[in-house]
Amino acid sequence: MTEEKAKKKKFKTIDIVYIGLFAALIAVCAWISIPMTVSFTLQTCAVCLTAGLLGWKRGTLTVLVYILLGMVGLPVFTGFKSGIAAVTGPTGGYIVGFIFTALIVGLAADRLGKRLWVNILFMAIGILVCYLFGTVWFMIAYKVTFVSALTTCVIPFLIPDAVKIAVAAILVNRLKKFVK
């Protein structure tokens, strides 16, 4: 085996390790529930951190692996839920929305760098796209108005998600030199 082939194999191995590690991180963060007026998890923070550090290809693949693990029955979703019903149910749009969040955050990290302002801006855009996708899904599932869905699914989470974006952006900024 030539040295170049060995490097390619090592790179692929490290990609698989990162994808598995960050999929596990997303799962653990989904299990951490912080009770406030409305309970929230650290799942979106982990999705933003993952895409910000790994970029769009590995970050999006990580989110897809996470979702597939949940769909086949591993209890990786919020509240230790799993199965296809968790993804196709009324709040499943937010889980699917994580794919778009990872794409947006990862593309920004790859194309514009991992500077703090880039992280914050594109993590916020990614979360807003996730909100939009999940809220429309919720509206269809429960047959409620847009305003009602926003009141239930978005407004209570704006401040906690802003804090999670700040934490994820700072972590990406500090950890970027350690993730290859």
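Helices and strands are taken here as DSSP runs, with at least four residues for a helix and at least two for a strand. In this predicted model, the chain holds seven helices and two strands. The order of these elements, read from the N terminus, is α-β-β-α-α-α-α-α-α.

The overall dimensions were computed next. The chain has 180 residues and a radius of gyration of 17 Å. A compact globule with 180 residues would have a value near 16 Å, so the two agree. Along the principal axes, the C-alpha atoms fill a box of roughly 60 × 35 × 25 Å. Of the 180 residues in the chain, 43% are buried.

Two surface patches were examined. One is nonpolar and consists of Ile155, Leu158, Ile159, Val163, Val167, Leu171, Leu175 and Phe178. Together, these residues have about 740 Å² of accessible area. Val163, one of the members of this patch, lies in helix α7. Helix α7 covers residues 158-175.

The other patch is positive. Arg115, Arg174, Lys176 and Lys177 form this positive patch on the surface. Arg174 is placed in helix α7. The relative accessibility of Arg174 is 55%. Arg174 therefore counts as exposed, because the cut-off for that class is over 50%. Helix α7 thus carries a residue of each patch: Val163 belongs to the nonpolar one, and Arg174 belongs to the positive one.

Definitions and conventions. Residues numbered from 1 in each chain as written. Predicted model: local features only at pLDDT ≥ 70, side-chain atom pairs only at ≥ 80, totals over all residues. Heavy atoms only, no water. Patch = residues over 30% accessible without salt bridge, like charges linked within 9 Å, V, L, I, M, F, W, Y side chains within 5 Å. Areas by Shrake-Rupley, 256 points an atom, 1.4 Å probe, with all protein chains shown as cover. Salt bridge = Lys/Arg side-chain N within 4 Å of Asp/Glu carboxyl O. Lys, Arg positive; Asp, Glu negative; His and termini not counted. Charge placed at Lys NZ, Arg CZ, Asp CG, Glu CD. Buried < 20%, exposed > 50% of the residue type's maximum accessible area, 1.4 Å probe, protein only. Rg over C-alpha atoms; globule rule 2.2 N^0.38 Å.
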